[in-house]
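Hi,

Here is the structure I promised to pass on. Have a look at it first, and then read on for my notes.

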Amino acid sequence: MGAIQMLRAMWREGIFTMWKGNLVNCMKIFPENAVRLYIFELLNETQIVTKNPLWHIHGDKLSKFSNGAFTGIFVQTFMYPVEIIKTRIMTFPSKLGNMGVFQASKRIWNETGNPRFNGIPIFNFYKGFTPAIIGVMPFAALELGCSKLGTEWYKEHFQTKVPGFYPLLGIGTASSFVAMGATYPFRLITCQMQAYTGPEKDRLGPRAHAAKILKTEGYKGFYRGFLANSSKAVPSSGIAWATFNMTQQYWDRWSTKTYS
């Protein structure tokens, strides 16, 4: 189903269907973006990932990408349960009523657990985590690494310490588009695993999902829904990067005037 067909189907269910799951999405986005950008900047300043007693990563560019990948792993691990709750709410049929955060959480908790984890309910909130973590490493490395390197290049090339909002927006948007294009197949497989609510014995693993997509739709199937996803995620990431950097600049100016 394409983006236009999806919009028509949602319209038939009611205009508010387009905002289904928005509350839990906001609950996820606000802390996630704050923590993600803060940790990335912290790792760049402290260099605890790139220079420590266990290993040293040489090169400024490689260090930025490594810090981005580690940031992605950390944030994804702690925010993944919220992601799967959001997916369940968004994919719940409107004809069956509305599903809230509590109902979705309870339903996931009561599902049959994975026998590999002895059926422990908490692991139900991490279904599809393997392709998610594999995909988020290169995604975060490319998105954050390219954003940081692009911003530093802009400062050096145009001899300025303070890039404007629109240059930062362009850098963040372009970085996000590159990252999403490179890792979208992992995101698609993750969403399919998150949305599955059938018997646990029939649940497909990441490889089986990939094989099924390849067999039924070919290679282009791995980019199904890419336009709809990128039209939301790409500008969102660009705005987040620009807003974060501009806020940092304003904070630095204010703190300098206040405490000098």
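Let me start with a small puzzle: in which loop is the place of Asn52? It sits between H2 and helix H3 (60-91). Keep in mind throughout that this is a predicted model.

Asn52 is a nice residue to begin with. Its relative accessibility is 13%, so Asn52 counts as buried, the cut-off for that being under 20%. As for what the side chain of Asn52 does there, it reaches the backbone oxygen of Ile48 at 3.0 Å. A polar atom of that same Asn52 side chain also lies 2.9 Å from the backbone nitrogen of Leu54. So there are two backbone partners to look for when you zoom in on Asn52, the oxygen of Ile48 and the nitrogen of Leu54.

While you are in that part of the chain, try Asn44, which is found in helix H2. Asn44 counts as buried because its relative accessibility is 17%. Setting aside neighbours within four places in sequence, Asn44 is in contact with Lys64, Asn67 and Lys148.

Now for the empty space. I searched the whole structure for cavities of 30 Å³ or more, and the search finds one. That largest cavity holds about 50 Å³ of space. Its lining is made up of Arg36, Leu37, Glu143, Leu144, Ser147, Gly172, Ser237, Ala240 and Trp241. Which helices each supply at least two residues of that lining? They are helix H2 (22-46), helix H5 (129-157) and helix H8 (226-259). By class, the cavity lining divides into four nonpolar, three polar and two charged residues.

There are open pockets to look at as well. The second largest pocket has a volume of about 400 Å³. It is lined by 18 residues, and those nearest its centre are Asn114, Arg116, Phe117, Gly128 and Met193. H5 gives the most to this pocket's lining, with three residues. The lining of this second largest pocket has nine nonpolar, five polar and four charged residues.

Next, the nonpolar cores. The largest one has 13 residues, and the members that touch the most others are Met180, Tyr184, Ile189, Ile213 and Phe222. Two or more residues of this core come from each of helix H6 (165-195), helix H7 (206-217) and H8. Of these, H6 gives the most, with six residues. Another core, of nine residues, lies apart from it, and its members include Ile84, Ala104, Ile108 and Phe125.

Tyr184 deserves a closer look. Not counting residues up to four places away in sequence, Tyr184 touches Phe222, Tyr223, Arg224, Gly225, Phe226 and Asn229.

One last stop: Glu200, whose place is in the loop between H6 and H7. Is Glu200 buried or exposed? Glu200 counts as buried, because its relative accessibility is 17%. Leaving aside neighbours within four places in sequence, Glu200 is in contact with Thr112, Gly113, Asn114 and Lys127. Asn114 should ring a bell, as it is also one of the residues nearest the centre of the second largest pocket. And if you want a sense of distance, the C-alpha atoms of Glu200 and Glu32 are separated by 30 Å, with their positions 168 residues apart along the chain.

That's my tour. Happy to talk it over whenever suits you.

Cheers

Technical notes. Residues are numbered from 1 along each chain as its sequence is written. This is a predicted model: local features need pLDDT of at least 70, side-chain atom pairs count only at pLDDT 80 or more; totals for chains, interfaces and linings use all residues. Side-chain values use heavy atoms; hydrogens and water are left out. On a 1 Å grid over the protein atoms alone, a cavity is a set of points where a 1.4 Å probe fits but cannot get out, and a pocket is an open set with protein on both sides within 12 Å along at least five of seven lines; lining residues have an atom within 4 Å of a point. Grid points are joined across faces, edges and corners, and a volume is the space filled by probe spheres set on the points. Helices (H or I, at least four residues) and strands (E, at least two) are DSSP runs, numbered from the N terminus. Ala, Val, Leu, Ile, Met, Phe, Trp, Tyr, Cys and Pro count as nonpolar, Asp, Glu, Lys and Arg as charged, and the others, Gly among them, as polar. Buried means under 20% relative accessible area, exposed over 50%, partly exposed in between (1.4 Å probe, protein chains only). A polar contact is a pair of N or O atoms within 3.5 Å; within protein, one must be able to donate a hydrogen and the other to accept it, and residues adjacent in sequence count only if both atoms are side-chain atoms. A nonpolar core is a set of buried Ala, Val, Leu, Ile, Met, Phe, Trp, Tyr and Cys residues joined through side-chain atoms within 4.5 Å. Contact means heavy atoms within 4.5 Å.
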